[in-house]
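Subject: Structure for your review

Dear colleague,

Please find below the structure that I am handing over to you. I would be grateful if you would read the notes that follow with the structure open beside them.

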Amino acid sequence: EGCNGDDDWQPLHIFETAPTKLRSHGFNTDADAITQSLREDLGMEVRGENVLLLGAGGAGRVAALKLASAGVKSLHLINRTTSKAEAIAGEIHVRFPAIKVNVGLPEGEIDLIINATSLGLKKDDPLPLDTSAFKLKNARAVFDMIYQPAQTPFLIAASEAGCQTANGLGMLLHQGATALEIWSGQSAPLDAMRAALKEAIYA
């Protein structure tokens, strides 16, 4: 943002000449991109849904907090390092006390599984979920944040189990589109950006 002598701070794209004062303002475009992609690619609003989230790293934490703020019914967290999942669960308990959150696998059927781990980037990676402990057929939909390859082994297994599936291309699209809108002040050309992403990644 820039300011030319008064207290009226405005986005930099508005100024024809360089402002006298500058300040920065950070944005996280990941969180909204997750829910936008789930809405467009899986038809899910997440409010009132039961979700199993795999991974408690940076992407997993953002996803967990966004899902909690969006009003999921329950959130189940799984991570290789249990203490990281427990830390996120504790944060949700404080910030969103109405949300049922636990560390561990759910019992019975759920609406959505999200993979926020890096497992699936390499073709010899194991699945991010122990499917002997939780059957994929018990999930209505599976979302994998990985977009390259387009069909990870996890998504293939989920599809074979009868789940709706989507990869992370839509999330990547909306991350970039929101960043472009923040930077330029203009609406992002989503269709053109989506086509360009598909050509660049999958051609």
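The notes below go from the overall fold to the cores, the salt bridges, the largest pocket and one loop residue.

Please keep in mind throughout that this is a predicted model.

Overall fold

The protein chain contains six helices and eight strands. Read from the N terminus, their order is β-β-α-β-α-β-α-β-β-β-α-β-α-α. The chain has 203 residues, and 42% of them are buried. Among contacts in the chain with a separation of 6 or more, 62% are between residues 24 or more positions apart.

Nonpolar cores

In soluble globular proteins, nonpolar side chains tend to be buried together. In this model, the largest nonpolar core comprises 35 residues. Leu38, Leu75, Leu77, Ile92, Leu112, Ile114 and Phe143 have the most contacts inside this core. Two or more residues each come from helices H1 (30–42), H2 (58–69) and H3 (82–95), and from strands E3 (50–54), E4 (74–78), E6 (110–115) and E7 (139–144). Helix H2 makes the greatest contribution, with six residues. Another core, of 13 residues, lies apart from the largest one and includes Leu54, Ile113, Leu136 and Leu155.

Which residues does Leu112 contact, once its neighbours within four places in sequence are left aside? They are Leu38, Leu42, Met44, Asn50, Val51, Leu52, Ala141, Val142 and Phe143.

Salt bridges

Eight salt bridges were found in a search of the whole structure. Three of the pairs are described here.

In the pair formed by Lys66 and Asp32, the closest N and O atoms are 2.7 Å apart. Because Lys66 belongs to helix H2 and Asp32 to helix H1, this salt bridge ties together parts that are 34 residues apart in sequence. Asp32 has a relative accessibility of 40% and therefore counts as partly exposed.

Arg140 and Asp111 also meet through their side chains in a salt bridge, at 3.3 Å from N to O. Here the partners lie in strands, Arg140 in E7 and Asp111 in E6, so the pair ties together parts that are 29 residues apart in sequence. Is each partner buried or partly exposed? Arg140 counts as partly exposed because its relative accessibility is 36%. Asp111, at 15%, counts as buried, since buried means under 20% relative accessible area.

Asp191 and Arg194 form a salt bridge within one helix: their closest N and O atoms are 3.4 Å apart, and both residues lie in helix H6 (residues 190–202), three residues apart, about one turn of the helix. Asp191 is exposed, with a relative accessible area of 63%, whereas Arg194 is partly exposed at 25%. Through salt bridges that share partners, Glu40 joins Asp191 and Arg194 in one network.

A buried acidic residue

Glu49 is placed in the loop between H1 and E3. With a relative accessibility of 14%, Glu49 counts as buried. Residues up to four places away in sequence aside, Glu49 touches Met44, Val72, Lys73, Ser74, Asp111 and Arg140. Two of these contacts, Asp111 and Arg140, are the residues that form the salt bridge between their side chains described above.

The largest pocket

The volume of the largest pocket is about 370 Å³. Its lining consists of 18 residues, and those nearest the centre of the pocket are Gly55, Ala56, Asn79, Arg80 and Thr117. What is the character of the residues in this lining? Eight are nonpolar, seven are polar and three are charged.

A loop residue

Pro149 lies in the loop between E7 and helix H4 (153–160). Its relative accessible area is 27%, so Pro149 is partly exposed. Outside its neighbours within four places in sequence, Pro149 is in contact with Gly120 and Leu121. Pro149 and Ile201 are 52 residues apart in sequence, and their C-alpha atoms are 8.8 Å apart in space.

Yours sincerely

Key. Residues numbered from 1 in each chain as written. Predicted model: local features only at pLDDT ≥ 70, side-chain atom pairs only at ≥ 80, totals over all residues. Heavy atoms only, no water. Core = buried A, V, L, I, M, F, W, Y, C linked by side-chain atoms within 4.5 Å. Buried < 20%, exposed > 50% of the residue type's maximum accessible area, 1.4 Å probe, protein only. Helix = DSSP H or I, 4+ residues; strand = E, 2+ residues; numbered from the N terminus. Contact = heavy atoms within 4.5 Å. Salt bridge = Lys/Arg side-chain N within 4 Å of Asp/Glu carboxyl O. 1 Å grid on protein atoms, 1.4 Å probe; cavity = no way out; pocket = protein on both sides within 12 Å on 5 of 7 lines; lining within 4 Å. Points joined across faces, edges and corners; volume = space filled by probe spheres on them. Nonpolar A, V, L, I, M, F, W, Y, C, P; charged D, E, K, R; others polar.
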